[in-house]
Amino acid sequence: MPRALWKGAISFGLVHIPVELYPSHNAPGIDLDMLDRRDFSPVGYKRYNKTTGKEIHTEDIVKGYQYEKGEYVVLTDAEIRQANKEATQTIDIQAFVKVNEISPLYFEQPYYLKPAKGGEKVYALLRETLRTTDRIGIAQIVMRTKQHLAALMVVDQVIVLNMLRYAEDIRPPEELGLPGEDAPKVRVSDKEIKMAHALVEDMTEPWDPEQFHDRFRADIMALVKKKIRNKQTHALMEPEDEVPADNSASNIVDLMALLKESIGRRMKPEKEPSGNKTDTAEEPPARRKATRR
């Protein structure tokens, strides 16, 4: 069980629910160290005093707010918490909205909320209330000296706190300069829409996250094993020259032909490659329909 990232209480009206905040994800990624290409020694990073140039230890570092150039007000973690104790210890629900009212653009990072000792019943009350009313609680929470907007929603038996972006953090899509729906170069025919619908229907299936796997990490680890086996651990591959993409207006595609070919490929049974298996860092789970990348 990971360590709680935050402890406090959910507050709405006069109700307080003691809770603990935990990460909901576990994405290992690929741990690559920085090396000096001349002798492949690890590259280190150290914190130093910009006035003296000397390295400093973590215990000697404090936080400060620069109110004038070169002048700071020092603030300890205790002082930051005391400045607004309620804000730093409370997930303050300010409104409830319908589940389908929030654009996906606003969702940023999910966390699990677990009831602390003594808060199990009122936690269950909020969970079932959100579930049966099909609502999301909109709240604010202070973490790491920053106030975040958040959404409290129910997933199975847990209340999930999903960090939200503020409206001012969202760039207006008008900046992209997209052509209007009636612009000649993006106008699509009824036949093309009908064919696209057929392809979507053919590819529609129940959502099953277990079908999708991080093949990129497995392929990188297979490459690492291959270079070790071939004694090429220090071999550096030079980047290949990239051919620039042709974005000219003359690059016109036949949408109907591509859609028909896509549907035709979906109808053909998938063949497993013959011969020896390629190097893999780990065996993926049994396939159900097709391996997703």
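Two strands pair if DSSP finds at least two bridges between them. The model used in these exercises is predicted.

**Exercise 1.** Find which strand pairs with E2 (residues 15-23), and in which sense.

*Solution.* Start from the bridges. Five of them join strand E2 to strand E6 (residues 107-115). The cut-off is at least two bridges, so E2 and E6 count as a pair. The two strands run antiparallel. For one register point, take Glu 20: its bridge partner in E6 is Lys 114.

**Exercise 2.** Follow E6 to E9, then place both strands in the sheet.

*Solution.* Six bridges join E6 to E9, and the sense is antiparallel. Phe 107 stands opposite Leu 164 of E9. Now trace the full order: E1-E2-E6-E9-E8-E7-E5. These seven strands close into a barrel with mixed pairing. Direction ignored, neighbouring strands of this sheet are turned by 40° against each other on average.

**Exercise 3.** Describe the pairing of E7 with E8, then locate helix H3.

*Solution.* E7 (residues 135-143) and E8 (residues 146-155) pair over seven bridges, in the antiparallel sense. Gln 140 stands opposite Leu 149 in E8. Next, the helix. H3 (residues 120-133) lies across E1, E2, E5, E6, E7, E8 and E9. Its angle to E2 is about 85°.

**Exercise 4.** Decide where the coordinates call for caution.

*Solution.* Begin with the chain: mean pLDDT is 82, and 84% of the residues score at least 70. Strand E9 has the highest mean, 96, and helix H2 (residues 85-89) the lowest, 69. Over residues 272-291, pLDDT stays under 50. The model has 27 contacts beyond four places in sequence for that stretch. Where pLDDT is low, predicted coordinates should not be read in detail.

How values were computed
Residues are numbered from 1 along each chain as its sequence is written. This is a predicted model: local features need pLDDT of at least 70, side-chain atom pairs count only at pLDDT 80 or more; totals for chains, interfaces and linings use all residues. Side-chain values use heavy atoms; hydrogens and water are left out. pLDDT is the predictor's confidence in each residue, from 0 to 100. Helices (H or I, at least four residues) and strands (E, at least two) are DSSP runs, numbered from the N terminus. Contact means heavy atoms within 4.5 Å. Axes are lines fitted to C-alpha atoms, for helices over the stretch in contact, and angles run from 0 to 180 degrees between N-to-C directions.
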